[in-house]
Amino acid sequence: MSKERKLGRGVAIAGVGMSKFGAFPGQATRDLFVDAFQELRGTVDKGLDPDDIEALYIGNYSSDLFEKQGHTAPIMADWIGLTPRPATRIEDACASSGVALRQGLIAVASGLYDVVLVGGIEKMTDLPIAEVTDTLATAGDVLFEIPAGFTFPGFYAAMATAYMDRYGATPESLMRVGLKNHDNGALNPKAQFGSRISAIMESKKARAAQKGRPVPEWESEMAFLHDDRANPMIAWPLRLFDCSPVSDGAAAILLVSEAIARNFTDEPLYIIGSGQASDRALHDRPDLTTISSARVAGRQAYEMAGVTAQDIDVAEVHDCFTIAEIIATEDLGFFEPGQGHVAVEEGLTTRHGPHPINTSGGLKAKGHPVGASGAGQVVEVWKQMRGEAGERQVPKDVELALSHNVGGTGQTAVVHIYERR
């Protein structure tokens, strides 16, 4: 029996900020979070006195392994001048800052606080790639899955092959997700990969010519993506350009009670739906073509908001791999099972399509500093809903938006719905 869930009082977003996502040698997580917080302060239209912030919830997957630094929440509070306010770290793998947002939402909706800062942080690139792979693998089941040889590309490759077998999708279906998200990321100055696939292709041609090597004769982006040297296979059918990158980055969100929202901005956004659910480890699931936790979290969020999937104007979904975006669009009800790949092939999820997905470039092109990704999605939602996304602004009024953040292979999923009034 499902229980109707409602917020105790209204909660609004009054400002957001984000560092650039990418690789930043010599910078620590705290430096990136300072960048995100400073940008947030600039987006609060009527100004923000940090003394008004009553608590900090920070999403972080594994500063312990990536940076050999634990107990990161109070360090972040210290570096932006928030001590002695309470600071809490939330760890739910790649969904860490999406869950941190939910915890901040609950704190304000309950009446415990009126003004809360939510953050997401991760610094991944200081480790060699083999150690990054091992660190990320701890989000799987280390007793059963990792000893069997699974890494995260392998997990999602298993999901991709199951999906392709059942629904007739092809590797080209996945490639089209990457093409779309790179097109969007090329218009995002904060993106780690701010280039279209075509631009990357031409750059490689120019580099080959400069070094006196044979110049590849790719006739199209698809030809480039099928080239084993330019786009090597990682775990069939996933190639390099099907995988999100290793990234550093931080993001921040200011949550306030609805009653005082207009003290901070004349254009607040309201969180009207929130859902979170868990799932079994991948090896123990009966169906690899869907993530049941995302379906449950989405249903909870829609019910709380009193809206349906077809009401959503723009969505940021968790595309750690290209197959993940296709499955997410079905789990969230934008398309029927088996139709997500068709929607991509028909251009329905582009900025100009009826269901714009990942206008930021998504995790694929914007970058995936795992603990910061969920909060980074909210930054894009803010920009699209306020008409501040520049060249990547969708050509319609965005009154309702959604973010979908997944941890691991879907053992955690959290969904939020936003409204502009």
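Reader: Which strands does helix H3 lie across, and at about what angle does this helix run to S3?

Author: In this predicted model, helix H3 covers residues 72–79 and lies across strand S2 (55–59), S3 and S4. Of these strands, S3 is the one for which a direction is given, and relative to S3 the helix H3 runs at about 130 degrees.

Reader: Which strands form the edges of the open sheet of nine strands?

Author: The sheet has mixed pairing, and its strands follow the order S3-S2-S4-S7-S1-S8-S11-S10-S9. An edge strand of this sheet pairs on one side only, and that description applies to strand S3 (87–90) and strand S9 (314–316).

Reader: By how many degrees are neighbouring strands of this sheet turned against each other on average?

Author: The sheet in question is the open one of nine strands with mixed pairing. With direction ignored, its neighbouring strands are turned against each other on average by 25 degrees.

Reader: In which sense do strands S4 and S7 pair, parallel or antiparallel, and which residue is the bridge partner of Val 118?

Author: Strands of a sheet pair through backbone hydrogen bonds, and the pairing may be either parallel or antiparallel. Strand S4 (residues 115–123) and strand S7 (residues 248–257) pair over nine bridges, and the sense is antiparallel. Within S7, the bridge partner of Val 118 is Ile 253.

Reader: Where are the cis peptide bonds from Thr 83 to Pro 84 and from Trp 236 to Pro 237 placed along the chain?

Author: The bond from Thr 83 to Pro 84 has omega near 10 degrees, and Pro 84 lies in the loop between H3 and S3. For the bond from Trp 236 to Pro 237, omega is near 5 degrees. Pro 237 has its place in the loop between strand S5 (233–235) and strand S6 (238–239).

Reader: His 71 has a positive phi although it is not a glycine; is this residue buried or exposed?

Author: The phi of His 71 is about 55 degrees, and the residue is found in the loop between helix H2 (63–66) and H3. Because a residue must have over 50% relative accessible area to be called exposed, the 63% relative accessibility of His 71 makes this residue exposed.

Reader: Is Asn 358, whose phi is also positive, buried or exposed?

Author: Asn 358 is a residue other than glycine with phi near 60 degrees, and its place is in the loop between helix H12 (340–345) and helix H13 (362–366). The cut-off for a buried residue is under 20% relative accessible area. Since Asn 358 has a relative accessible area of 0%, this residue is buried.

How values were computed: Residues numbered from 1 in each chain as written. Predicted model: local features only at pLDDT ≥ 70, side-chain atom pairs only at ≥ 80, totals over all residues. Heavy atoms only, no water. Pairing = 2+ DSSP bridges. Helix = DSSP H or I, 4+ residues; strand = E, 2+ residues; numbered from the N terminus. Axes fitted to C-alpha atoms, helices over the stretch in contact; angles between N-to-C directions. Contact = heavy atoms within 4.5 Å. Buried < 20%, exposed > 50% of the residue type's maximum accessible area, 1.4 Å probe, protein only.
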